[in-house]
Amino acid sequence: MVTRLSAADASFYHLENTSTPMYVGTLSILRKPRNGLSYETLLANVERRLPQIPRYRQKVREVSFGLARPVWVDDRDFDITYHIRRSALPSPGSDAQLHDLVARLGSRPLDRSRPLWEMYLVEGLAKNRIAIYTKSHQALVNGMTALEIGHVIADRTQKSPEFGEDIWIPAREPSDRQLLLGAALEWIARPGAQLSAARNAVTEVVTNTSQAVETARRFADVARTVARGTAPSSPLNTTVSRNRRFTVASHDLDDYRTLRARYDCDVNDVVLAVVAGALRNWLMSRGEPVTTSSTVRAMAPMSVYPDGELDAAGPGQAISEVSPFLVDLPVGEGNAVVRLSQIAHATESASTAASLVDARTIVTLSGFAPPTLHAMGIRVATSFSARLFNLLITNVPGAQKQMYVAGTKLQETYAVPPLLHNQALAIGVTSYNGMLYFGINADRDGMSDVDVMPSLLRESLDELLDSAR
């Protein structure tokens, strides 16, 4: 089946370069079963889910001379063993070795001649654990009709659900001549729409009044975001190399709930305040000038439901939208509680605050939503010039109960967000089963000391907890 990439998908497809591959990644740590998790078991488990994510068996074909957006076509040579691979650490592999492996794998662009995703089963990890690292191209995941693969391979019970027989017959791939003819016919039928699509990927055609109202609201949000102006100068912004460093941190979610109750704010506010405190200490450790007015601007997308969508959707079927939110993190403020108060006030004042999705609602999404929601947040961020903010922070809630992958307990889950143009740091935060997991991706040259971030995040959280006692 041939389907043209949406304007947004096409922009993500063309946006990346060798220094900033546009993928969304996830690192999952699993408890190794008594009999292990074989490569063949994982392969079969994923293969059964592919009908839920048809894009994962399709590749992108570009139209000659750029006369139209590229198209999705079935990959007639689809080979799942190419996409799902085995890797191993020298046993017993340490967390640091695993993070180095993720950094190397994450820095490699995906093969554009095949479906745009990869998965690695990593064996040899110490403490009786195994890991799964996945990465999917940003053009592949739109959160509505296309979910991230990590969303569909996780189960709420140890026994995987039954799936019907998958009879997939790939459609014949069109020739270059057919693609050119299709593009020409679209130009004849809808020249205005084609011209608009060729220019940019900002809007879709508005077909009714409610869509017009919603589109106007989105443009108002965009206008307010752009009006903030260029982000403050920061060592976080520098020329990004091809190489990465990756590290993680984990905190007890109850600590964040305690601070939420004590200071009458949201968990997301506490997360941003903890990151602000860590960045403050990081800047000072590098001898950077930090004054009382110093700020670091973060793009921290917020999850929202379109008007009426939640009521119209069936149980577990509603998919949230994500709205842009720029917040100036007060890294110059020395008092941790004041930092939190300033961030909470900024969040409460945001135009989308009234329609924030409650975490208990998001986790009813079928499957394990965080990978898809992180991808949606990244899509929002890349819709804006990276000059408007210093770093990206995605924070999404996950299931607060045990999840399983191929019958194996999912212990930890970390987002691996991509670096944007001239941004040396990106942070993805996922809540899952009573914990908060920070995935911290950084440029190897621009932020060679990223390994200090986990301890700085811990110190920042402890400072808030001490103040609350």
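This dialogue goes through helix packing and burial in a predicted model.

Reader: Before turning to single helices, how many helices and strands does the protein have, and what percentage of its residues count as buried?

Author: The protein has 15 helices and 18 strands, and of its 469 residues 52% count as buried. When contacts with a separation of 6 or more are considered, 80% of them join residues 24 or more positions apart.

Reader: How should I read the packing of two helices, and at what angle do α10 and α15 cross?

Author: The general idea is to take the angle between the axes and then look at the residues that make the contact. The axes of α10 (residues 267-285) and α15 (residues 453-468) come within 8 Å and cross at roughly 120 degrees; because angles of 65 to 115 degrees count as roughly perpendicular and those over 145 as roughly antiparallel, α10 and α15 are oblique to each other. The crossing of this pair is right-handed. On the α10 side the contact includes Val270, Ala273, Val274, Gly277 and Trp282, and on the α15 side the residues include Met453, Leu456, Leu457, Ser460 and Leu464. By class, the residues of the contact of α10 with α15 comprise 12 nonpolar, three polar and one charged.

Reader: Which residues of α10 meet α12?

Author: A general point helps here: an α-helix has 3.6 residues a turn, so residues three or four places apart point the same way. In this structure Asp269, Val270, Leu272, Ala273, Ala276, Gly277 and Arg280 of α10 meet Arg339, Leu340, Ile343, Ala344 and Thr347 of α12. This contact of α10 with α12 holds seven nonpolar, two polar and three charged residues.

Reader: Where do the axes of α10 and α12 stand with respect to each other, and what is the handedness of their crossing?

Author: The axes of α10 and α12 (residues 336-349) come within 9 Å and cross at roughly 130 degrees, and α10 and α12 are therefore oblique to each other. The crossing of α10 and α12 is right-handed.

Reader: Turning to α14, how many of its residues are buried, and how far does this helix reach?

Author: For a single helix, one can set its span beside the expected value and then ask about its surroundings. Helix α14 (residues 370-381) has 12 residues and reaches 16 Å from its first C-alpha to its last, which is close to the 16 Å expected at 1.5 Å a residue. Of the 12 residues of α14, 12 are buried, so the helix is largely enclosed by the rest of the structure. Among the buried residues of α14 are Pro370, Pro371, His374, Met376 and Arg379.

Technical notes: Residues are numbered from 1 along each chain as its sequence is written. This is a predicted model: local features need pLDDT of at least 70, side-chain atom pairs count only at pLDDT 80 or more; totals for chains, interfaces and linings use all residues. Side-chain values use heavy atoms; hydrogens and water are left out. Axes are lines fitted to C-alpha atoms, for helices over the stretch in contact, and angles run from 0 to 180 degrees between N-to-C directions. Helices (H or I, at least four residues) and strands (E, at least two) are DSSP runs, numbered from the N terminus. Angles under 35 degrees count as roughly parallel, over 145 as roughly antiparallel, 65 to 115 as roughly perpendicular and the rest as oblique. A crossing is left-handed if the near helix is turned anticlockwise from the far one by less than a right angle, and right-handed if clockwise. Contact means heavy atoms within 4.5 Å. Ala, Val, Leu, Ile, Met, Phe, Trp, Tyr, Cys and Pro count as nonpolar, Asp, Glu, Lys and Arg as charged, and the others, Gly among them, as polar. The expected span of a helix is 1.5 Å times one less than its number of residues. Buried means under 20% relative accessible area, exposed over 50%, partly exposed in between (1.4 Å probe, protein chains only).
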